[in-house]
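Welcome! Have the sequence and the 3D view ready, and work through the exercises below at your own pace.

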Protein chains: 4
Amino acid sequence: MSRLRWGMVGGGEGSQIGFTHRAAAELDREFELVAGAFDIDPGRSRSFGNSLGLDFEHVYGDWQSMLAAESECANRLDLVTIATPNNSHFEICRAFLQAGFHVLCEKPLTITRESAQELHAVAVTGEQICAVNFGYTGYPLVRQMRAMVINGELGKVRLVKTEFAAGFLADAQSDTNPRVRWRFDPELAGPSCVMADMGSHAMHLACFTTGQQIKRLSADFANGVQGRQLEDDASVVFRMEGGTIGRLWVSGIALGKTHGLSIQIFGEQGGLCWNQEHPDQLLWTPLNGSSQILERGTVSLAPEAQTANRLAVGHPEGMVLAFANIYRDLAASIRTSGDGSTISPRQHLFPSVVDGRHMVDVVCIAAQSSKAGSQWLDVPTQEDWV
Amino acid sequence: MSRLRWGMVGGGEGSQIGFTHRAAAELDREFELVAGAFDIDPGRSRSFGNSLGLDFEHVYGDWQSMLAAESECANRLDLVTIATPNNSHFEICRAFLQAGFHVLCEKPLTITRESAQELHAVAVTGEQICAVNFGYTGYPLVRQMRAMVINGELGKVRLVKTEFAAGFLADAQSDTNPRVRWRFDPELAGPSCVMADMGSHAMHLACFTTGQQIKRLSADFANGVQGRQLEDDASVVFRMEGGTIGRLWVSGIALGKTHGLSIQIFGEQGGLCWNQEHPDQLLWTPLNGSSQILERGTVSLAPEAQTANRLAVGHPEGMVLAFANIYRDLAASIRTSGDGSTISPRQHLFPSVVDGRHMVDVVCIAAQSSKAGSQWLDVPTQEDWV
Amino acid sequence: MSRLRWGMVGGGEGSQIGFTHRAAAELDREFELVAGAFDIDPGRSRSFGNSLGLDFEHVYGDWQSMLAAESECANRLDLVTIATPNNSHFEICRAFLQAGFHVLCEKPLTITRESAQELHAVAVTGEQICAVNFGYTGYPLVRQMRAMVINGELGKVRLVKTEFAAGFLADAQSDTNPRVRWRFDPELAGPSCVMADMGSHAMHLACFTTGQQIKRLSADFANGVQGRQLEDDASVVFRMEGGTIGRLWVSGIALGKTHGLSIQIFGEQGGLCWNQEHPDQLLWTPLNGSSQILERGTVSLAPEAQTANRLAVGHPEGMVLAFANIYRDLAASIRTSGDGSTISPRQHLFPSVVDGRHMVDVVCIAAQSSKAGSQWLDVPTQEDWV
Amino acid sequence: MSRLRWGMVGGGEGSQIGFTHRAAAELDREFELVAGAFDIDPGRSRSFGNSLGLDFEHVYGDWQSMLAAESECANRLDLVTIATPNNSHFEICRAFLQAGFHVLCEKPLTITRESAQELHAVAVTGEQICAVNFGYTGYPLVRQMRAMVINGELGKVRLVKTEFAAGFLADAQSDTNPRVRWRFDPELAGPSCVMADMGSHAMHLACFTTGQQIKRLSADFANGVQGRQLEDDASVVFRMEGGTIGRLWVSGIALGKTHGLSIQIFGEQGGLCWNQEHPDQLLWTPLNGSSQILERGTVSLAPEAQTANRLAVGHPEGMVLAFANIYRDLAASIRTSGDGSTISPRQHLFPSVVDGRHMVDVVCIAAQSSKAGSQWLDVPTQEDWV
C-alpha cells in the first residue's frame, strides 16, 4: 500500500509542534512528508526542507508558491498540515481548502468568530477534510472516556471539571521575550491569551468526551502579572447542551505544574479522572465502589481505546503517539474519500472544523463575558448555525 | 501543671466529630473532659457521658442545665466545645459566651449573617475566646504555607486556587437518609449546602494561608442531582483584600475523591500545593526551579510548622493531631488569659469569631451572587465592620 | 466503665515513642496514665511525671522502685508499657511479668535469642499478657490485608515483598551523635542495626498479614558508610511456613525516603500493595482485573478493618491511631482476663511475645547467615519451640 | 543529508518490539527502512514487508537470503536490527557482523556465556558496531542519572536498588500459551526466565547509571507458580567494581504492577529514584535537603539529558522516543565510522556488545549461584576478559 503524500506549512527549525507532527504523521508509514514551506523566511524554509532530505523542487520559500505549484502537480498532496502563527491560519487554510486540499490546521482554527464561521462554510461546501489539531483527543484513554460516556457507563453526565494550568507565564521578566510577547498582543493572539491557547484544549476535551457542545457560560479573566494586555488566568463556568454543569480553570501563572491539563467527568453512576502528564492511567470510580486504575493497553478497555493503542501496558506512549492517532484516522478518511462516499466530519474521531469553530466561539464569548462582569452569555451550538 | 477543665455540648454517640474533639483535646493532657450535654435526647446524653467515665453530676440532659449548673460551679470549665447541629450554634454559643465561658464552636459559626454579626459583637464585648473550628488550619504544613507567605518567600501572592470536592452526595437515593436530608433543607442548613459545609473550609484556608480576607466574589451554584433545594456543586471566583485572584470549586457529587480538600497558592516567586488527604507533604516550586517536596517533621520548616509537629518525619500524623494543635493553642491562650493580659483573637493561630463571621458572610453572599446570575458582589472585610 | 490503670517505664522527655504511647493509650479513654518511671535519670523522671500531671506518689526515679511499690499497691496497674533502650527490655519485662503485671514491650523484645526464649517461657507460664509493639499492625488496612489473605481472596500466597528503607543513617557525620552511635554498638543494639530496628517491623508485617512464620532465610548485610560495626543496609530472602517466597530490603542509607516501610503480597488470585507513609490507601489488583484503591473507612472493607477504623474516609488517621488500636485490643483482653478465661496470645490482633521471640530469632539468624556468606539457615517456628 | 539504509530481521506482524523499532528508527528521518526478513514464515515475511510499502526486491523470506543479497548490493545497508527469538540472536548477529554490517541486536545478546564471548570477539575484531538494545537507557532522565553520578553530584555511590517486577506471568493458566511457554523452556530461553528477560534490563540500568560493572553476586531464583522449569521470581544481591552494594528484585508474578522497572541510586551526597512507568520525572534528594522532582525538558538538566530530549516539559515522551535516542546515537556513530576513525563502543551512549556480554554473564552466573544455595560467585568484568 503506497504512502500518502503529505505537506507542511510552518513547523520549521526550532518548532516543537513541527517535530511532533512529522514524527506522528510518519509513525505508521501512512504519510510521507514530500513538500513544505516551513518558515516565514524563504531561505530558512529551504535549508530546513533540505535537512529533512526532501526533494528540492517540493521545498518552497512561502506557502503561496507551495499552493500554486502543488495545485498544478499531477501527483497531488493528500494532506497539508498548517502549523503557522495563529493569526495566519485563516488565510492559509482557506486557500488550501479552496484549492481542493485536505487540511489539518493547528488550533486555534482562527482568532475571530467571523473567520471561523467562514472557514466552516468553505469546508462544508467542498468535500475536503478540514481537521483541527486538538491533539490530546488522540490519547487512547481520552477515547476511553468518550466511549464510557457514550456507552452509558456513567449514566447521565452531571458535571465536567477541566483545567489546564501551568507556570510557563509566571516569570514577569519573560514578557520581553518574543516567544512570550505575542501571546499578550491582541493583534496576534485575538481576544484571549491562556483561554485561547490552553482553555480551548480543555474545553474541547469536555466536548469530545461528553459528546456535547457548550450552551452558555460565565467567565472571569484575570491577570496575575500586571501590565499584560490579555489574561494570564481564567475561570469559566458553563452549561452544556445536555444540561451538564461545567467548571474550567486555566492559568499560565500556576507555578508547580509543568503542563496541567486534566479532566474529570462525574455522572450518576461513576466518575472519571484523567491527567495529561500521566496519560496512560485513567481513574474510574463507580458509584459506591472503589476507584479503579484503568491502564492503557489492557483488554478490558473499549474498542475505541484499544484501536488507538500501540504499546503493551506499562510502556509509556506519550504525546507523539497520541498525535499519530489523529493522523491515522485522517489517513483512513482520506483513503475512503476517493470512493465516492461523502465524508461527514462527525464520522471520525479527529477534531473537525466544527470543533474548531465552536472553540473559537467559546473563547471569544468567554472574553466578552469577562468584560461584562461575568455575565452569562449564550454560545451558539451547531444546530443554531446557519 | 493541672489539666484544664473541659466540657462538650453535642458530639455524642455516633458523632465522629465528637470523637475527634475528645481525642484531640486530651492528646497533650492539657484538657480533661469533665462535663457535657452530649445529645438532644437527655437519656442518650447521660448514658454516653457515663460510658466516657465522667462524673455523674457533670453529665447533663440538655445544654441549658449544663450552662446553669456549670455557671454556679466553683471550679468552672475552662473551655466549652459546641458540636451541635449548625442551626443551634448561635443560641448555644451566645449563652455560654455571655455566661463568661471560653467557647470553641464547630463551623459554620451560624447560618445567617445577622447571627454571626451578633456573636462577633458578644465575643468582642467580653474577654472570652470564641474560636471556630476550621480544624484543617491545625495541620503543620498548612501553617508552613502561611509562614512562607508571611515571610515573603512567594513574593506577592497572585492567585489562590482551592477546592473541596468529593462524592459523598453523589448517590441520589441517599436523599431520604436523615443524615443527608438536613443538608438540603434551608431551615437547618441556611442558604447553602456544599458551599457552607465544605466551601467555607476551603475559603478559610485561602484566608488563613494568605493573611487576607475576601473582598468580592461571583458564584455559580448548581445541582447535579435534581430536586435538591440547595446546591450540590459550586464555583466561586473572588478577589482578596491584597488583590489576590481566587478560584474555588466545591462539590458533593465528584465521585472518585474521598475528601478532596486542596489548596494551591501562586506567587511571584513560587507556588505551593497541599492536599488534605496527604497532609504530610507540601509541594513547593520556586520560580525557575524544580518542585520540592517539603515533608512535615523536617528541620528546614518554619517555626510555626515545627511547633505544630509531633511525630518524626515519615510517620503520618493525620487529622486528630491537626485538631490537637487547635486545642494546644487554645490552652496556651486560656492559661495566659487569667494573668490580666487581654486576649486578641488575632494573636493566635486558632481560627476566631472573626474568621467564623467572615465565612458566614462569604457563604451567604455567594448564594446571593449565584441567584443574581453570578453577579459580582462585595464582601465586607473586618475593617468595614461596625 | 472505669478506665484501666496504666504505667510506663521509659518514654520520658524528648522521647517520641513515649508521646505516641501516651496519645494512643488514652485516646479511647480505656487507659489512664497513673504511674511511671520515665527516665534513667531519677530527677528527670520525676519532673517529667509531674509535667504530665501525675500523682506525685506514683512517679518513680527508677523502674525497680516502681515495680516494688506498684506490686504492693491495692489498686494494681492493669498494664505497664516498657519503652526503654533495647538492651534493657529483657530484664524489665521479666521482672514485671514475674510480678504479675501485663506488659507491652517496645520492639525488639530483646537483643539475644536466649533472652527472648526466656521471656517467652516466663510469659506462657503465667497468664499475663506480654505484648510486643509492632505498632504498624494497628493500621486498619494492614488488618484488611490479613483478612483478605485469611479469607482466601488472594488464593495461595506465592510471594511477599517488603521493604523498610529510609535515609536517616545516610549522613556519615552523624555517627558521633549519641542518638545514632548506639545503633551501631553491638553491646547496646545486639548483632544488627537496621535489620533489628527496621527489618523486624517489615518481617513481622509479612508474618502478620500472611499468618505464617519464617522457615528459612539467606541474608546479606552490608555497609554503605564505612567504619560502622553493624550493617546499615540489608537484604534477606526467605521462605515461610506455607511455602511463600519472601524478599526483604531494609536500609538506613536510602536518601529520598522519609520512612519507607511497605509491603506487597502476591497470590494466585491477586496482589496487594501498602505503604506506611500513606496508610489510608491499599492497592488491590485481582488477577486479570484493574487495580483498585481500597480506602480506609469504606463499607466494603473486612470487619477487622472496619473495627479498627475511627475517622470517615478521606480524613487521614496516622500512626497514633494505629497504636491506639493496639491499646484498644489490649484493653479488651485485659478486661476479659479477670473472668477466668485463659488468654491465648493468638486470639488477639496485637502482637505477642510469640511474635517478639520469632523476630529476635529472625534478626539474629539473618546476621549469622550474612556472616556465613549468605548461607541459607533454618529459623525455628513456633512448633519447633520446646 | 541522505537517510541511512536500514534493514530488519524479525519484528514482523504482531511484534510490538518490531513496531517500536520502526517508529523509533525513522522518527528523526535518520534511518529509512529499506529491507527485511520479518518472519520465520517466508510468506508472512513477504506480505508484511509489502504492507510496509518496501521495495519488493528487498523483502526476503529468510535472513540467510537477506544476508546473501544485501552483501552483494552496491548500496549496502547501514544498519541491521535483529529482533528474532532469543536463541537465534547469536547465529544471525555473527553472520551479519562477519559480513561487515553494523548490527543492533535485541537483548539478551545470546542465551549462553560462550556465544556471548564469541560475539564479543567477532565484534572487536572488525570495526562494525554491535549494539544491544537495552532500550531504557535511551530515556533522557536515565541519562541524567548517569550524568549526575559521573559529575559527582551523589558523591561515592553506596548502593543501587533496582527492580523489574510485574504480573504478566501470574496467571498459571497462561503457561500453555505459546507466547508464554517458550519463556520457561531452557532450550529457547537459556538458564533463566525473568532474570534474563527483565533482570538484565534492570542490571544494565545499574551498570549504565553508575558506570560500573557487576563484580560478584548471590542469587535466589524461585517459583511462585509450580511446575515451571525456570524461575518466575528472583532476588540478586551484588557488589559492583567500585564497591557499590546492589539489590535487585525481579518478578513476573507481581500482580498489581504493569511494568515495574525502577532504579534507585544512593550516594554519600544524595539519592535518585526513577520509575519507567513515569519516565519524565526523576526524584533527587540531596543529603539533608528536600526531595526535588526533576522534570524532563527543563533547562537545569545535564547536557546528556537535554540532548536526548524532544518535547517541552509536561508533554510525555514515552518509550518510542527513548528508543529513538538509541537510533540517533547509532546514526551519529555510523556516519562518523566511514571517516577512518575507529569506533570505541564506550564512546557512545548506546549499549554495546560489551554490555550485552556482561549481562549474559550476570544472568548465567545468577542462575548458577541460585542452584548453589545462593553462593556468592565472581562475575568477570571487562578487564578480566581475554
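A charge sits over a ring if NZ of Lys or CZ of Arg is within 6 Å of the ring centre and within 35 degrees of the ring normal. This is a predicted model, in which local features need pLDDT of at least 70 and side-chain atom pairs count only at pLDDT 80 or more, while totals for chains, interfaces and linings use all residues. Residues are numbered from 1 along each chain as its sequence is written, chains are lettered from A and ligands numbered from 1 in the order in which they are written, and side-chain values use heavy atoms, with hydrogens and water left out.

**Exercise 1. Rings and charges**

Find the charged end that sits over the ring of Trp385(A), and then look for a cluster of ring pairs in chain A.

Step 1. Go to Arg357(A): its charged end lies over the Trp385(A) ring, 3.9 Å from the centre.

Step 2. Now turn to Arg146(A), which is placed over the face of Phe208(A) at 4.8 Å from the ring centre.

Step 3. For the cluster, use the pairing rule: rings of Phe, Tyr and Trp (its six-membered ring) pair if their centres lie within 6.5 Å, and planes under 30 degrees apart count as stacked, over 60 as edge-to-face and the rest as tilted. Tyr136(A), Tyr139(A), Phe164(A) and Trp274(A) are linked into a cluster by such pairs. Over all chains, the rule gives 36 aromatic pairs.

**Exercise 2. How chains A and B fit together**

Work out which turn lays chain A on chain B, and how many residues of each are in contact.

Step 1. Superpose the copies by least squares on the C-alpha atoms of residues with pLDDT of at least 70 in both. A turn of 180° with a shift of 0.0 Å along the axis lays chain A on chain B, with an RMSD of 0.0 Å. That is the relation of a two-fold axis.

Step 2. Take contact to mean heavy atoms within 4.5 Å. By that rule, 43 residues of chain A touch 43 residues of chain B.

Step 3. Buried area is the accessible area (1.4 Å probe) that two parts lose on being put together, summed over both. Between chains A and B it is about 3100 Å², with carbon and sulfur atoms giving 57%. Arg158(A), Arg247(A) and Leu255(A) supply 21% of what chain A buries against chain B, more than any other three residues.

Step 4. Of the interface residues of chain A, 100% are also interface residues in chain B, so the copies meet through the same surface.

**Exercise 3. Two helices and their surroundings**

Decide whether helix H11 of chain A is largely enclosed or largely open, then list the buried residues of H6(B).

Step 1. Helices (H or I, at least four residues) and strands (E, at least two) are DSSP runs, numbered from the N terminus. H11 of chain A covers residues 319–337, which is 19 residues.

Step 2. The expected span of a helix is 1.5 Å times one less than its number of residues. H11(A) reaches 27 Å from its first C-alpha to its last, close to the 27 Å expected.

Step 3. Buried means under 20% relative accessible area, exposed over 50%, and partly exposed in between (1.4 Å probe, protein chains only). In H11(A), 14 of the 19 residues are buried, so this helix is largely enclosed by the rest of the structure.

Step 4. Helix H6 of chain B (residues 140–150) has nine of its eleven residues buried, so it too is largely enclosed. They are Pro140(B), Leu141(B), Val142(B), Arg143(B), Gln144(B), Met145(B), Ala147(B), Met148(B) and Val149(B). Just after H6(B), Gly152(B) has a positive phi of about 85°.

**Exercise 4. Unusual backbone spots**

Is Asn288(B) buried or exposed, and what is the peptide bond from Lys107(B) to Pro108(B)?

Step 1. Start from the background: most residues other than glycine have a negative phi, and most peptide bonds are trans.

Step 2. Asn288(B), though not a glycine, has a positive phi of about 65°. This residue is in the loop between strands S12 (281–286) and S13 (291–295) of chain B, and Asn288(B) is exposed at 64% relative accessible area.

Step 3. Ser374(D) also has a positive phi, near 60°, but Ser374(D) is buried at 1% relative accessibility. Its loop runs between helix H12 (353–371) and strand S14 (377–378) of chain D.

Step 4. The bond from Lys107(B) to Pro108(B) is cis, with omega near -10°. Pro108(B) belongs to the loop between strand S4 (103–105) and helix H5 (113–125) of chain B.
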